[in-house]
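Biologist: Before we go through this model, could you set each value against the rule that gives it its name?

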Amino acid sequence: MPADAKPAMAEGEGPPSAMGAFTVAIDGPAGAGKGTVAHSLAERYGFAHLDTGLLYRAVGKLAMDTGRGVIDEGAAELIARDLRAEHLGIDGLRSALAARAASRVAKFPGVRKALIAYQRSFARRPGGAVLDGRDIGTVICPEAEVKLYLVATPEARAERRYRELEEAGADTSLGRVLAELRARDAQDAARTAAPMKQAADAHLLDTTEMDIDAAAAAAAAIVDDALNRAAS
Ligand code: CDP
């Protein structure tokens, strides 16, 4: 994906002004609340938001549609290199199938490499940016001003994801969602290329017992602190 591709997920254009780069990196497993917290921080501070999972979901979905891309690194890499911002809006990216395909292509180093420049340039755009994913604080933006690593028990995460999928009309069960989530966590954590892991300087937030507002408030307190330090 070209580094200067127009961001599809920019939520705020950010303050037009004086603020330079300020990156909030949010990582963690599926269903820990990354997307919700990222969205809430982007709104609160007027930062742009990139859901980096969508990049991998789009590559996975497009690769799946070609019939062999999820098992063929070369084919998946070509798709990643040709990815455009408009691909982040294609149908079906939120499905469990697309998540599985994403996790399969995400282990290919060539795919990850093709997506780095776009994510880095998004992260350091003026006006502030929030990115959520698996390797934002470790690989994409190790210099991020704030790093959060969100976790929750597999049962709590599966419950949340099951509710989302059910609301979207998917035909699934809690047991199946839990099994898929565990399989994807294992694959994401075990891969050699940019495995999912907490950066040494990331704040750990366990959202198991938190509702959306509580998780967003806990994250905002950490960002406030970093902004105050940056200003002084
Ligand atoms: O929303 P959820 O947390 O279920 O998944 P996602 O963030 O949309 O990511 C889907 C898959 O893409 C993950 O399981 C990872 O395999 C991969 N991914 C990644 O490798 N690196 C990222 N920065 C983001 C996602």
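**Around the ligand**

Modeller: In this predicted model, α2 gives the most to the shell around the ligand, namely three residues. The elements that give two or more residues to that shell are α2 (53-66), α4 (96-105) and α8 (174-190).

Biologist: What makes the approach of arginine 184 to the ligand a polar contact?

Modeller: A polar side-chain atom of arginine 184 lies 2.7 Å from an oxygen atom of the ligand, and because the limit for a pair of N or O atoms is 3.5 Å, the pair counts as a polar contact. Arginine 112, with a polar side-chain atom 2.8 Å from a ligand oxygen, and lysine 34, where the separation from a ligand oxygen is 3.1 Å, can be set against that limit of 3.5 Å too. Taken alone the ligand exposes 530 Å², of which the protein buries 97%.

Biologist: Which classes of residue make up the shell around the ligand?

Modeller: The shell has nine charged, four polar and four nonpolar residues, and among the 17 residues around the ligand, those that come nearest are Arg57, Arg112, Arg161, Arg184 and Asp188.

Biologist: Why is the pairing of arginine 94 and aspartate 51 called a salt bridge?

Modeller: Their side chains meet at 3.2 Å, N to O, and a side-chain nitrogen of Arg within 4 Å of a carboxyl oxygen of Asp is what the term requires, so the pair qualifies. The pair links distant parts of the chain, 43 residues apart, with arginine 94 in the loop between α3 (73-81) and α4 and aspartate 51 in strand β2 (residues 48-51). The structure holds 15 salt bridges.

Methods: Residues are numbered from 1 along each chain as its sequence is written. This is a predicted model: local features need pLDDT of at least 70, side-chain atom pairs count only at pLDDT 80 or more; totals for chains, interfaces and linings use all residues. Side-chain values use heavy atoms; hydrogens and water are left out. A residue is near a molecule or strand if one of its heavy atoms lies within 4 Å of it. A polar contact is a pair of N or O atoms within 3.5 Å; within protein, one must be able to donate a hydrogen and the other to accept it, and residues adjacent in sequence count only if both atoms are side-chain atoms. Accessible areas come from the Shrake-Rupley method with a 1.4 Å probe; for residues, only the protein chains shown count as cover. Helices (H or I, at least four residues) and strands (E, at least two) are DSSP runs, numbered from the N terminus. Ala, Val, Leu, Ile, Met, Phe, Trp, Tyr, Cys and Pro count as nonpolar, Asp, Glu, Lys and Arg as charged, and the others, Gly among them, as polar.
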